[in-house]
Amino acid sequence: MPTTSSAPGKVYLFGEHAVVYGEPAVPCAIERRATVRVEERDDGRLRVSAADLSLDGFTVEYGADDGVPNVDVPTALVEAAMGYVDAAVASARDAADRPDAGFDVTIESDIPLGAGLGSSAAVVVAGVDAAARELGVELAPETVAERAYEVEKAVQSGEASRADTFCSAMGGAVRVEGSDCRTLDAPDLPFVVGYDGTSHDTGDLVAGVRALREQYDFARDTVESIGDLVRRGEDALREGDVEELGRLMDVDHGLLAALGVSARSLDEMVWAARDGGAAGAKLTGAGGGGCIVALDRDDGAETALSLTPACEEAFRARLADEGVRAE
Ligand SMILES: Nc1ncnc2c1ncn2[C@@H]1O[C@H](COP(=O)(O)OP(=O)(O)OP(=O)(O)O)[C@@H](O)[C@H]1O
Ligand SMILES: C[C@@](O)(CCO)CC(=O)[O-]
Ligand SMILES: [Mg+2]
């Protein structure tokens, strides 16, 4: 019998990148989910079928004996796409003490890939949960979050925060500062997302910020300033002060741009959203291309984004109360 789990993507109200260096961040889960179906197979092989919005659906099959993917798409693309899934499956085997378990894995996701909405975290969280349950082990969402964090850290060359994975596992708005992870009471904020249709590699962007931080004191200061801004933002969130949240999002976008992780398309979408009346707008996630998030109370920003050439798709994103769940 196959086992299926799903987990949500996220937008960052604020704090991405700085959270990697121990500053606080507040990501919010959104109602776009990745669904992973897992069925144990008795030959020890791993077969992955991934249907995705920006990669054509593909299937990869390989076993411990050869390790060679058998597919028709370029190897680099497959390797990039498979890293997170492979490591998620390995984590579930470890949780169940079944190092040789083989699986058929099928992934369906309505989270654009590599676009700042946490597709990697959602796939890993749902994958660890489903594969562990398929092997008879129920993991608490906090445990799934911690295992998924270890996976993201390994795949992103040793650099990741717990923010994306904790948010995806727990749902709702969360606050992450180092290993201190909490869920927050938050109103359903009027998020609108603008997506430029491109993708990024989170590991590369994180490495770029690290290099800048090592070279320039101003980059260290910028990371600390993002932390200060997040602490101010927490007060505004508690008070439901959308105007103040928006102002702080605008500043956060400027600080992220100073760290080199914005892009022309992201800046254009941010300005379109502001011109359309958003309370504030910023890139979300790793940056470099992908998505922006704005606070839009009256649909003006969504309309402005949909009329902006840099924006391929604009959509509302409701807060997802539920994190990882069995389907
Ligand atoms: N539907 C999917 N099927 C298979 N793998 C996926 C899928 N969605 C995401 N992934 C994995 O996640 C990777 C993208 O992760 P990455 O961290 O670069 O971007 P993101 O998580 O979407 O954005 P961010 O980390 O900025 O929020 C893909 O290369 C792939 O390995
Ligand atoms: C850029 C980053 O802060 C968020 C990516 O969604 C990386 C991380 O926290 O692991
Ligand atoms: Mg990611």
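Glu322 counts as partly exposed because 15 C-beta neighbours lie inside 10 Å of it; on this scale a residue is buried if 20 or more other C-beta atoms lie within 10 Å of its own, exposed if 12 or fewer, and partly exposed in between, with the C-beta atoms placed from the backbone. This is a predicted model, in which local features need pLDDT of at least 70 and side-chain atom pairs count only at pLDDT 80 or more, while totals for chains, interfaces and linings use all residues. Residues are numbered from 1 along each chain as its sequence is written, and chains are lettered from A and ligands numbered from 1 in the order in which they are written.

Glu322 sits in the loop between E11 and strand E12 (325-326), where the helices (H or I, at least four residues) and strands (E, at least two) are DSSP runs numbered from the N terminus. Its C-alpha atom is separated by 9.9 Å from that of Cys167, although the two residues are 155 apart along the chain.

Cys167 leads us to helix H4, since it is one of the buried residues there, together with Ala163, Asp164, Thr165, Phe166, Ser168, Ala169 and Met170. Because 8 of the 8 residues of H4 are buried, this helix is largely enclosed by the rest of the structure. What do the buried residues of H4 pack against? They pack against E1, E2, H2, helix H3 (141-155), strand E6 (173-177) and strand E7 (180-184), where two residues are in contact if their C-beta atoms, placed from the backbone, lie within 7 Å. Just after H4, Gly171 takes a positive phi of about 75°.

Strands E6 and E7 pair in the antiparallel sense over 5 bridges, and two strands are said to pair if DSSP finds at least two bridges between them. Within this pair, Ala173 stands opposite Leu184 in E7. The hairpin of E6 and E7 has 2 residues between the strands, and Gly178 in this hairpin takes a positive phi near 60°.

Another part of the structure is an open sheet of 4 strands, which follow the order E9-E10-E8-E11 with antiparallel pairing. Its edge strands are strand E9 (280-283) and strand E11 (313-317), each of which pairs on one side only. From one strand to the next the twist averages 25°, and such angles run from 0 to 180 degrees between N-to-C directions, with axes that are lines fitted to C-alpha atoms, for helices over the stretch in contact. Strand E8 (residues 191-195) and strand E10 (residues 291-295) are joined in the antiparallel sense over 5 bridges; in E10, Leu295 is the bridge partner of Phe191, and Val293 is the bridge partner of Val193. E9 and E10 also run antiparallel and are joined by 4 bridges, with Leu295 in E10 as the bridge partner of Gly280.

Is E10 mostly covered or uncovered? It is mostly covered, with 5 of its 5 residues buried: Cys291, Val293 and Leu295 are buried on one side, and Ile292 and Ala294 on the other. Helix H7 (residues 242-258) lies across E9 and E10 and runs at about 35° to E9.

On a wider view, the protein is divided into domain 1 (3-185) and domain 2 (191-317), with bounds that come from an automatic or database domain assignment. The C-alpha centres of the two domains lie 24 Å apart, and their contact takes 30 residues from domain 1 and 38 residues from domain 2.

The ligands can be described against these domains. Around ligand 1 there are 25 residues, of which the closest are Ser119, Ser120, Thr202, Gly285 and Ala286; a residue is near a molecule or strand if its C-beta atom, placed from the backbone, lies within 6 Å of it. Helix H1 gives the most to this shell, with 5 residues. Around ligand 2 there are 13 residues, and Glu16, Ala160, Ser161, Gly285 and Ala286 come nearest. H4, met above, returns here, as helix H4 (163-170) and helix H5 (202-215) each supply at least two residues of the shell around ligand 2. The shell around ligand 1 draws at least three residues from each of domain 1 and domain 2, and the shell around ligand 2 likewise draws at least three from each.
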